[in-house]
Amino acid sequence: MRKKGFSLCLAAITCVSLLAGCGEKAKESQTADNTSAVQTQEQEAADEQNGEVIQLKFTSWSAGGEQKAVKQALASFEEQNPGIKVEAEFIDNANYTAKINTLMAAGDAPNVAQLNGYLAPEYGAKGQLLDLKPYLEGQVDFEDILPEAIFEYDDKIWGMTFGVECQMVLYNKALFEEAGIDAPSTDAANPWTWEEYVDAAVKLTKDINGKHPGEEGFDSNNISVWGTKVFDSPIFNFTLLNSNGGAYIAAEGDRLLVDSEESKEVLKELQDLIYVHQVAPKPAVTSAMPSSQQMLMDGQLGMYMAGQFEIATFAEAEWGDFGVAPLPKFKKPASMIWGEPLVVYDSKDEKVNEAAVKLVLALSNPAEVNDLFVTAAQMPIYKSWYTDPEKKAVWTDNAWHNESLMSYFDSLFQTETTSREAYYVKNYDPIMAIVQPRLDKIWDGVDVDTALEGLQDEVAPEMQGYYKIVDYYSDAK
Amino acid sequence: MKKKQKIAAVLDFLFMLLLGLIMVFPLFWMARSSLMTQSEIFRKPMQWLPKIAQWKNYADIMTMRPFARWMCNSAFIVFFNVIGTMLTSSMAAFAFARINFRGKNVVFAMVMAAMMIPSATLLIPQFMIWKALKGIDTYAPLILGAFGAPGFYTFMLRQFYKGIPMDMDEAARIDGASPLDIYLKIIIPLSKAPLVTVAIFTFTSCWNDFMGPLIYLSSEEKYTAALGLRSFIGMYTGQWHYLMAASTVLVIPVIILFAFCQKIFINGINLSGGLKG
Amino acid sequence: MKGKLKTRRKETIWGWIFVIPACMGLLIYIILPMIYSLMISFCSWDIISAPEFVGLKNYKALFTTDPHYMNSCLVTLKYTLIFVPSMLIITFVIALLLNVEQLKGKGLWRVLIYIPSIVPIMASSALWTFIYDPTNGLLNNLLAPFGIHEDWIFDKKMVLPCIAIMGIWGAGNTIMINLSGFGSIQQELYEAVDIDGGNWWARLIYVTLPMMSPLIFYNLVMALIGALQTFTQGYVMTNGGPENASNFYMLYLYDNAFNYNRMGLACAQSWLLFLVIALLTIFLFRTSGWVYYGGDAE
């Protein structure tokens with residue numbers, strides 16, 4: 001017994017000293033890994049005062065294949081810029097804001113960060129971010145950049161994306177042929193109508209006995225092929241609202257437009273897809289699973305509204321047998337191009353800021369971040385990369401950048417697209433947090449008018465105006 | 001009588017079988033998904049077995065990410081967490097349960113209170129404290145917490161210790177033993193079972209913890225395995241087959257440890273009313 | 001008299017020595033941050049700019065104008081009432097069944113039952129989303145022959161019970177604690193019951209439950225504290241939906257702190273929750289006369 005007690009004490013003492021030693025070791029290995037060591041901004045400034053290496057901290061939520069591509073781009077950036085070292089931290093998307101906020105609160109904000117677009121104008125207005133305009137003016141051909149890539153507010157540029165996304169309808173070609181549906185036009189200026197879309201969905205939807213909705217004996221609890229899906233995500237439904245002249249929030253950011261006649265029409269049509277036409281299942285509230293892509297590939301889903309980044313899943317499976325169509329139109333064609341920006345936190349040090357901007361430009365250069373665009377995870381922000389045949393071939397020469405997709409891209413840039421209201425209206429997140437449960441009711445089958453009753457009043461305290469007035473051509477007033 | 005018992009035993013066995021199947025299902029699902037290609041995992045109706053076992057998933061996760069390194073990091077952190085918790089929690093629990101000292105109830109109340117605070121709000125101030133102590137991107141914040149007698153385990157041990165008859169303590173005190181003697185010679189030997197319990201629980205929760213490492217670690221090579229798991233899921237896409245393979249790898253040490261130790265803490269101790277040893 | 005005082009003092013010193021690590025941890029790691037968060041709760045802070053003192057405005061707003069607060073309280077309360085009793089009873093029963101003497105393969109069952117609690121949350125939430133999937137998920141597939149087809153976690157009435165089931169499924173810890181407790185009960189006590197001619201019910205009522213009461217109390221308190229702080233499932237699986245039916249208190253707090261940049265509000269929320277939990281726990285301790293401590297509790 002005595003021995004046991006003694007050895008216990010000894011163990012305790014050993015451990016504590018080991019711990020102290022390990023704490024030191026951890027710090028040592030930290031400084032030993034010098035090339036990518038963490039350095040605070042004070043140390044950065046000290047370093048560069050010696051005319052030495054500039055340390056940049058970069059955060060991003062890229063994962064998987066995207067992350068690999070970004071890492072490659074960072075490596076080649078360091079090669080081409082021997083005076084700059086980049087320490088990259090990849091934080092998973094779900095916890096990204098928590099970490100960034102913690103860093104900002106402690107004064108440890110990174111130099112370059114990927115950021116949710118609607119935060120860019122907010123942080124910029126509060127003086128956290130660097131205005132990129134004076135830096136970009138000399139280095140970039142603004143004519144060549146897609147407008148959606150630049151986050152400009154009041155003559156200041158708070159962020160720049162390194163790639164963009166666009167919306168489209170993806171469909172299973174084989175299922176379309178089987179159902180005898182003509183391939184819809186890929187011309188974004190002349191898309192198919194909503195009625196044609198619903199029609200196709202009905203033809204595509206089959207239960208396990210091969211019956212279509214509306215036919216005698218159709219069993220809606222045992223569907224083998226769904227025509228389409230209704231998504232909960234505001235970003236797709238927003239474009240449809242726009243197409244009918246509606247929107248979620250007014251551009252002035254002082255009231256909702258989701259309860260306008262135009263908007264309600266669209267919401268009702270979406271609801272009908274589920275309950276009247278029975279061509280779509282109820283939207284899953286949150287699903288991180290790639291079920292839509294998988295279902296499409298497996299022939300269990302006919303078509304659905306998607307972002308082009310979903311093609312990355314097809315790329316991984318090396319499947320190119322899908323067709324692309326613009327979003328169906330209500331009153332006028334509507335589509336959206338968007339991207340989340342990279343921002344530069346103002347380090348108050350000229351040299352560091354310059355280096356940071358260089359990094360941003362390098363990351364958005366398709367020649368550097370090749371893989372990102374090849375896998376269709378992102379689209380290049382420079383127009384020349386769509387028109388110049390040589391550049392184009394670099395990222396589109398594969399099975400999934402098929403004819404359908406490319407002809408859609410071509411027409412997309414010729415048409416006017418709408419803007420993402422999240423980036424321009426203040427307090428977007430809390431406002432939508434109040435709207436969302438009402439939309440849930442609609443997906444649950446509640447009458448649209450009833451579901452939205454009293455919403456304006458409920459939301460009123462959260463309305464805070466706008467960062468920038470954009471015209472996303474809503475007719476609703 | 002005997003027949004009744006036998007029937008009961010058989011029914012019990014069947015029930016356990018059913019329960020066991022339900023409980024092991026996630027492990028099965030994880031393991032089978034880890035051997036599939038990405039597209040096979042979520043196919044409906046569910047595929048019970050992969051067409052071809054994709055063993056390369058396991059090779060891939062080791063090469064694509066420094067997963068082996070991450071697991072070593074996890075082991076390092078977990079080891080100290082277990083030691084720290086076992087040591088300080090049992091000390092504090094002993095004091096709460098068996099020493100009568102001034103201010104005991106206040107301190108105990110605070111230890112309890114510490115468990116009731118939503119961690120989200122402590123996140124930022126704790127981070128700032130560690131920043132001031134230069135502990136960011138080190139393992140210090142992830143280990144030293146365990147040396148502060150975490151409430152969960154302190155409370156549990158206190159309950160255990162309160163269940164041990166006091167006459168042993170009293171006898172020892174009459175003999176002139178100090179609380180330290182009582183702690184080392186009487187209580188510790190008797191608390192093998194709860195201590196092993198504490199060790200296992202600490203191991204498990206620390207092994208799977210990602211929030212702490214997420215906030216405090218920024219260098220990739222310092223990541224723990226649980227944190228590294230998250231690197232497989234992106235904003236729009238995810239590499240689920242790798243995630244499953246990594247999860248399976250992560251789960252195995254815990255299962256082994258548990259299988260090894262479970263006899264010890266289940267059999268517990270037999271307080272046959274007298275001093276042991 | 002003097003002798004007694006001296007021992008008392010010695011006891012006090014020893015007591016404090018033993019709790020030094022606990023105190024240090026508390027002070028640096030808990031008390032200081034708590035004071036900080038208390039101060040922030042009286043401010044309006046968006047993390048980017050400096051905090052701005054606003055007095056009790058946050059607290060007032062939560063109870064009056066805040067659109068989600070009262071709902072999140074209700075959700076959490078509902079969940080706690082569903083989860084805690086059912087979890088405590090089920091885990092106790094399972095532990096009892098697992099402890100039956102003639103049961104074969106005990107070691108195996110224990111390992112299997114513990115497994116769900118160690119599966120990483122990312123993997124288990126993917127699994128459960130699949131199980132609960134209304135279109136083609138495992139549950140609906142299994143129940144289809146019985147004509148049952150539900151929306152599970154996508155149905156606002158069922159989402160909380162569904163999450164509770166997940167919680168119970170992962171409660172291997174509690175079962176193990178119970179088993180550990182059973183093992184510590186003295187055999188003689190059971191023998192005494194047998195001698196008096198008691199059956200399994202008597203053994204349960206007169207020996208098992210009383211001797212297990214310290215641990216039952218522990219499980220009760222921990223389950224309450226845990227249930228009131230439920231976060232993960234809402235965060236990973238339902239995002240608070242459908243129709244805010246699973247918008248747990250902690251989930252809303254997290255949103256306020258990190259998504260809406262309303263740190264002051266979040267801190268106010270956390271202090272309110274803390275008060276509730278603290279009062280509840282004090283109440284439980286005060287009314288814990290039913291707990292039998294074999295060690296002649298002071």
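What radius of gyration does chain B have, and what would a compact globule of 277 residues have? Here are some notes to help you find your way around this predicted model.

1. Let's take that opening question first. Chain B has a radius of gyration of 23 Å, whereas a compact globule of 277 residues would come out near 19 Å. The extents of the C-alpha trace are worth a look alongside this: along its principal axes, chain B spans about 70 × 70 × 30 Å.

2. What is chain B built from? Its secondary structure comes to 14 helices and 0 strands, so to speak an α-α-α pattern repeated from the N terminus on. Of its 277 residues, 55% count as buried. If you take the contacts in chain B with a separation of 6 or more, 75% of them are between residues 24 or more positions apart.

3. Now turn to chain C. This chain has 14 helices, together with 2 strands. Its C-alpha trace spans about 80 × 70 × 30 Å along the principal axes. Of the 298 residues of chain C, 45% count as buried. Among the contacts in chain C between residues at least 6 apart in sequence, 65% join residues at least 24 apart.

4. Where do chains B and C meet? The contact takes 88 residues from chain B and 81 residues from chain C. On the chain B side, several helices each supply at least two residues, among them α1 (2-34), α4 (67-98), α11 (192-208) and α14 (240-267). By class, this side of chain B has 59 nonpolar, 22 polar and 7 charged residues.

5. A good residue to click on is Ala92(B). Leaving aside its neighbours within four places in sequence, Ala92(B) is in contact with Val111(B), Ala149(B) and Thr154(B) in chain B, and with Phe18(C), Val19(C), Pro21(C) and Ala22(C) in chain C. Ala92(B) also belongs to the largest nonpolar core, where it is listed among the residues with the most contacts inside that core.

6. How many residues does that largest nonpolar core have? The count is 311, and the residues with the most contacts inside the core also include Leu170(A), Val344(A), Leu359(A) and Leu243(B). The element that gives the most to this core is α4(B), with 16 residues. As background, nonpolar side chains tend to be buried together in soluble globular proteins.

7. Chain A is a good place to look at domains. It is divided into domain 1 (39-161 + 339-366) and domain 2 (166-336 + 416-462), so each is listed as two stretches of sequence. The centres of these two domains, taken over C-alpha atoms, are separated by 34 Å. Contact between them involves 4 residues of domain 1 and 5 residues of domain 2. The domain 1 side of that contact divides into 2 nonpolar, 2 polar and no charged residues.

8. Chain C also has a domain assignment, with domain 1 at 1-41 and domain 2 at 56-290. Their C-alpha centres lie 32 Å apart. Here 4 residues of domain 1 are in contact with 7 residues of domain 2, and the domain 1 side again divides into 2 nonpolar, 2 polar and no charged residues.

Note on methods: Residues numbered from 1 in each chain as written. Chains lettered and ligands numbered in written order. Domains from an automatic or database assignment. Contact = placed C-beta atoms within 7 Å. Nonpolar A, V, L, I, M, F, W, Y, C, P; charged D, E, K, R; others polar. Helix = DSSP H or I, 4+ residues; strand = E, 2+ residues; numbered from the N terminus. Rg over C-alpha atoms; globule rule 2.2 N^0.38 Å. Buried ≥ 20, exposed ≤ 12 C-beta atoms within 10 Å, placed from the backbone. Core = buried A, V, L, I, M, F, W, Y, C linked by C-beta atoms within 7 Å.
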